[in-house]
Every structure is written in C-alpha cells, then in structure tokens.
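Here is a quick walk through one protein, written for someone who would rather be at the bench. Have a look at the fold first, then read on.

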Amino acid sequence: MACIYGDVTKIDTTGASERTAKQDKLTVKGVEASYKLAEHDLGRMSKYKDVIIKVGKAHQMDPAVICGIISRESRAGAALKDGWGDHGNGFGLMQVDKRHHKLEGTWNSEQHISQGTRILIEFINRIKNKFPTWPKEHQFKGGISAYNAGDKNVRTYERMDIGTTGDDYANDVVARAQWFKRNGF
C-alpha cells in the first residue's frame, strides 16, 4: 500500500534506547531491541491487523507505522488498564491524550485507531510546514516524534528525539515499524 508521507523502510533509525529496551529486560539496545520489542507485541497486534490495514488504507498511512506507534504506546494493549495508560491521561492502543483531544470510540476500536492516525498525520503536516526543505522521510520521522512530544519539540533532524519519552521515540517507532513491515503489516 502506498503511503503518501514517505517510505518507512528508507528512514534511518538508531532504534530503542537502553531505557526503552529494559521494558522487556533486553540486554541489547538500538534497532535490535526495537525489533525484539515489536516481535513481543506481534501476537497481540495480530488481533487488530484487519482494522489497522483498513485505517491505513483510508488515511494513506503505512499500517506498519500505525503498528509501530501502537507497539510503543501501549504494547498492543498489554500496558493498559481498562484501556488507559499514562497515569489516566492516555487512552487506547495509540494513547490519545484526553487533555488535548475529544476521545473517539472504545480503546481498541477502528474509530480510536483512525483518530490516532489522523493526529499523526496532523503532526506530519505541521513538520512539513515547519521544515519544507526536509526530504519526505525526514518530515515523516519528525511527525512521528511530534506525535509524542509535540511539533515544538522538533527543532533539528538529528536531535528530534531529545525531549521525547526515553529520548528515542521516533527512532524506536520507526525501527518497530520496519520490523512490522517485514512481518506481514
């Protein structure tokens, strides 16, 4: 499926930080750790595959990128309590923040995944406007970073993850998305 925002397989990534890798008690970090984290989420992610692919097609967004965000944000639901995370502020698989958005759907619904995807696209477009000379894939990665920490946090390509959760958000999500892309999404 064509993604109009760029090709996730062409985005450079350093993967997960040591801090993020420790979620699963991994002894590796970087891209290898992101791949293992994604692999650990595959069973749960598979339950949502049809919906993720449908939402991806509807919004021209790579389903693997949606998976990367779901894996990072909620571990495909495993990190949630009754659909909530982030001290009761983040809702659903994609952890939409109730302080900034009117929540749509149930925590694992197509409406929720569609809302999270629209929020991601909004951030990609903000980064495109902020950095019009960046290559498409850099804007895409910047939008992923902004999904976590806001577009004001993205100031340079090289340091876009400084200030995100774990200081590795976009790099980890991109690496997980690349893994999901190679594994059926």
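## A busy loop

Setting aside residues up to four places away in sequence, N89 touches W84, V96, D97, K98 and R99. That is how things look in this model, which is a predicted one. N89 sits in the loop between β1 and β2, and with a relative accessible area of 16% N89 is buried.

Two other residues deserve a look here. D86 is found in the loop between β1 and β2, and H87 has its place in the loop between β1 and β2 too. Most residues other than glycine have a negative phi. D86, though not a glycine, has a positive phi of about 50 degrees, and H87, not a glycine either, has a positive phi of about 55 degrees. Are they buried or exposed? D86 counts as partly exposed, at 42% relative accessibility, while H87 counts as exposed, at 80%.

## The little sheet

On to the strands around that loop. There are 3 of them, forming an open sheet in the order β1-β2-β3 with antiparallel pairing. The edges are β1 (84-85) and β3 (96-97), each of which pairs on one side only.

Strand β2 (residues 90-91) is joined to β3 by 2 bridges, and the two run antiparallel. Across that pairing, F91 stands opposite V96 in β3. V96 is also one of the residues that N89 touches.

## The overall build

Stepping back, the protein has 7 helices and 3 strands. Going along the sequence you meet them in the pattern α-α-α-α-β-β-β-α-α-α. The radius of gyration is 15 Å, close to the 16 Å that the globule rule gives for 185 residues, so the protein is as compact as a globular protein of that length. Along its principal axes, the C-alpha trace spans about 40 × 40 × 35 Å.

Of the 185 residues, 54% are buried. Among contacts with a separation of 6 or more, 57% come from residues 24 or more positions apart. The accessible surface comes to about 8700 Å², and carbon and sulfur atoms account for 48% of that.

## What fills the middle

In soluble globular proteins, nonpolar side chains tend to be buried together. Here the largest nonpolar core has 44 residues, and I52, M61, I70, F140 and I144 are the ones with the most contacts inside it. Which helices supply at least two residues each? They are α2 (31-46), α3 (49-59), α4 (63-74), α5 (110-130), α6 (136-149) and α7 (169-182). Apart from this core lies another one, of 5 residues, with A21, L26, A33 and L37 among them.

Take I70 as a sample of the big core's wiring. Leaving aside neighbours within four places in sequence, I70 is in contact with M45, I52, R75, A76, L93, M94 and I113. I52, one of those partners, also appears on the list of residues with the most contacts inside the core.

## Rings that meet

A search of the whole structure turns up 6 aromatic pairs. One of them is Y5 with F140, a tilted pair at 6.5 Å centre to centre and 50 degrees between the planes. Y5 lies in the segment before α1 (18-21) and F140 in helix α6, so this pair ties together parts that are 135 residues apart in sequence. Y5 is buried, with a relative accessible area of 7%, and F140 counts as buried at 0%.

The rings of F180 and F185 have their centres 5.7 Å apart and their planes at 90 degrees, so that pair is edge-to-face. Both F180 and F185 are buried. Elsewhere on the list, F131, W134 and Y157 form one aromatic cluster.

## A buried serine in α6

Helix α6 is also home to S145, which counts as buried at 0% relative accessibility. What does S145 touch, not counting residues up to four places away in sequence? The partners are G150, V154, M160, D161, T164, Y169 and A170.

For a sense of distance, pair S145 with K47: they are 98 residues apart along the chain, and their C-alpha atoms are separated by 26 Å.

Conventions: Residues numbered from 1 in each chain as written. Predicted model: local features only at pLDDT ≥ 70, side-chain atom pairs only at ≥ 80, totals over all residues. Heavy atoms only, no water. Core = buried A, V, L, I, M, F, W, Y, C linked by side-chain atoms within 4.5 Å. Buried < 20%, exposed > 50% of the residue type's maximum accessible area, 1.4 Å probe, protein only. Helix = DSSP H or I, 4+ residues; strand = E, 2+ residues; numbered from the N terminus. Contact = heavy atoms within 4.5 Å. Pairing = 2+ DSSP bridges. Rg over C-alpha atoms; globule rule 2.2 N^0.38 Å. Areas by Shrake-Rupley, 256 points an atom, 1.4 Å probe, with all protein chains shown as cover. Phe/Tyr/Trp six-rings, centres within 6.5 Å; stacked < 30°, edge-to-face > 60°.
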